[in-house]
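Reader: I'm new to this and get lost when I look at a whole protein at once. Could you pick one part, go through it closely, and then show me how the rest is laid out?

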Amino acid sequence: MAAKKGAGVLELAVLGLLHESPMHGYELRKRLNTLLGMFRAFSYGSLYPCLKQLLANGLIMEDRPEEPNAPLALQSRRSKIVYKLTADGKERLQLLLTEAGPASWEDEGFGVHFAFFSHTRADVRLRILEGRRSRLEERLESVRAALARTRERVDSYTLELQNHGLESVEREVRWLNELIGRERAEQEQQAQQAQSAKRIDQDMPRDEGR
C-alpha cells in the first residue's frame with residue numbers, strides 16, 4: 001500500500017512539472033529534487049518506471065530530437081528524450097488536483113499537492129489545508145499525552161527531542177491557521193465582488209429597442 005501511495009504522489013509531481021514545461025528525465029529529476037524536497041531520496045530507479053507507466057497510459061509522450069549529420073548509433077546516445085504532457089495527461093492532472101481526501105493532507109502527499117496549489121481550485125485548497133490542520137491537531141494531542149506520561153521516565157536528551165517534535169508540529173499548525181485565514185478572506189472577497197457585479201448588472205437599464 002505504501003508503494004502504491006508513493007507512486008500516486010510521484011505521478012502527480014511528474015504531471016504537474018511537465019504541465020509547466022516539457023523536459024527530459026535528468027532535468028525532471030533535478031526539478032523534483034529542487035522543488036519537492038521530499039523527493040530527495042528518489043532515484044532514477046523510482047522515476048523511470050513512473051515515466052514508463054505514464055507513457056503506457058498515454059498521459060505523456062516522448063520527443064526525440066535528432067542531430068543532423070550524426071550516425072544513428074550516436075544519435076540514440078546523444079539525443080535527450082523530452083517528455084511532454086498529452087491531452088489525456090492534462091485531464092488526468094486536473095483530476096488529481098481536485099482530490100482533497102486524506103492522501104492529499106498526509107505527510108507523504110501534502111507537500112506535493114501544496115506545490116501545485118496555483119493550479120488548484122480555491123475550495124479544494126481550503127479542504128486540503130483544513131484536513132492537514134485536523135491531522136496535525138490529532139498528532140499534537142497524541143504527542144502531548146505521550147509527554148505527560150513519559151516526562152519523568154526519560155532522560156533529558158529524549159525529553160528535548162520530544163519537545164522539539166512538539167514545537168515543530170505547533171509551528172506548522174500556526175502556519176496552516178494563517179494560510180486558512182488568507183484563503184477564506186480571499187474567497188469571501190471574491191464572493192462579494194461577484195455579488196456586487198451581479199447587482200450592478202441587474203440594476204443597469206435595458207435597451208427596450210433591442
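**A close look at helix H9**

Author: Let's start with the whole protein: buried residues make up 31% of its 210 residues. Here, buried means under 20% relative accessible area, exposed means over 50%, and partly exposed is in between, using a 1.4 Å probe and protein chains only. Keep in mind that this is a predicted model, where local features need pLDDT of at least 70 and side-chain atom pairs count only at pLDDT 80 or more, while totals for chains, interfaces and linings use all residues. Residues are numbered from 1 along each chain as its sequence is written, and side-chain values use heavy atoms, with hydrogens and water left out.

The protein has nine helices and three strands. These are DSSP runs numbered from the N terminus: helices are H or I with at least four residues, strands are E with at least two.

Now for the part I picked, helix H9, which covers residues 156–203. Its 48 residues should span 70 Å at 1.5 Å a residue, and its end C-alpha atoms are 70 Å apart, so the two agree. (The expected span is 1.5 Å times one less than the number of residues.) At the start of H9, a side-chain oxygen of Asp 155 comes to within 2.9 Å of the backbone nitrogen of Tyr 157.

Which residues of H9 are buried? They are Leu 159, Leu 166, Val 169, Val 173, Leu 176, Leu 179, Ile 180 and Glu 183. Here's a handy rule for reading such a list: an α-helix has 3.6 residues a turn, so residues three or four places apart point the same way. The buried residues of H9 pack against helix H7 (107–115) and helix H8 (122–150).

Take Glu 183 from that list. Its relative accessibility is 11%, which is why it counts as buried. Beyond its neighbours within four places in sequence, Glu 183 is in contact (heavy atoms within 4.5 Å) with Ala 122, Arg 125, Leu 126 and Leu 129. With Arg 125, there is a polar contact between the two side chains at 3.0 Å. That term means a pair of N or O atoms within 3.5 Å; within protein, one must be able to donate a hydrogen and the other to accept it, and residues adjacent in sequence count only if both atoms are side-chain atoms.

Zooming back out, let's look at the cores. A nonpolar core is a set of buried Ala, Val, Leu, Ile, Met, Phe, Trp, Tyr and Cys residues joined through side-chain atoms within 4.5 Å. The largest has 24 residues, and Val 14, Leu 15, Leu 18, Leu 28 and Ile 60 have the most contacts inside it. Helix H1 (2–20) gives the largest share, eight residues. A second, separate core of 18 residues includes Ala 100, Phe 117, Val 124 and Leu 140.

Last stop, the sheet: it is open, with three strands in the order S1-S3-S2 and antiparallel pairing. S1 (23–24) and S2 (60–63) each have a single partner strand, so one side of each lacks a neighbour in the sheet. Strands pair if DSSP finds at least two bridges between them, and S2 and S3 (residues 82–85) have four. In that sheet, Asp 63 stands opposite Val 82 in S3.
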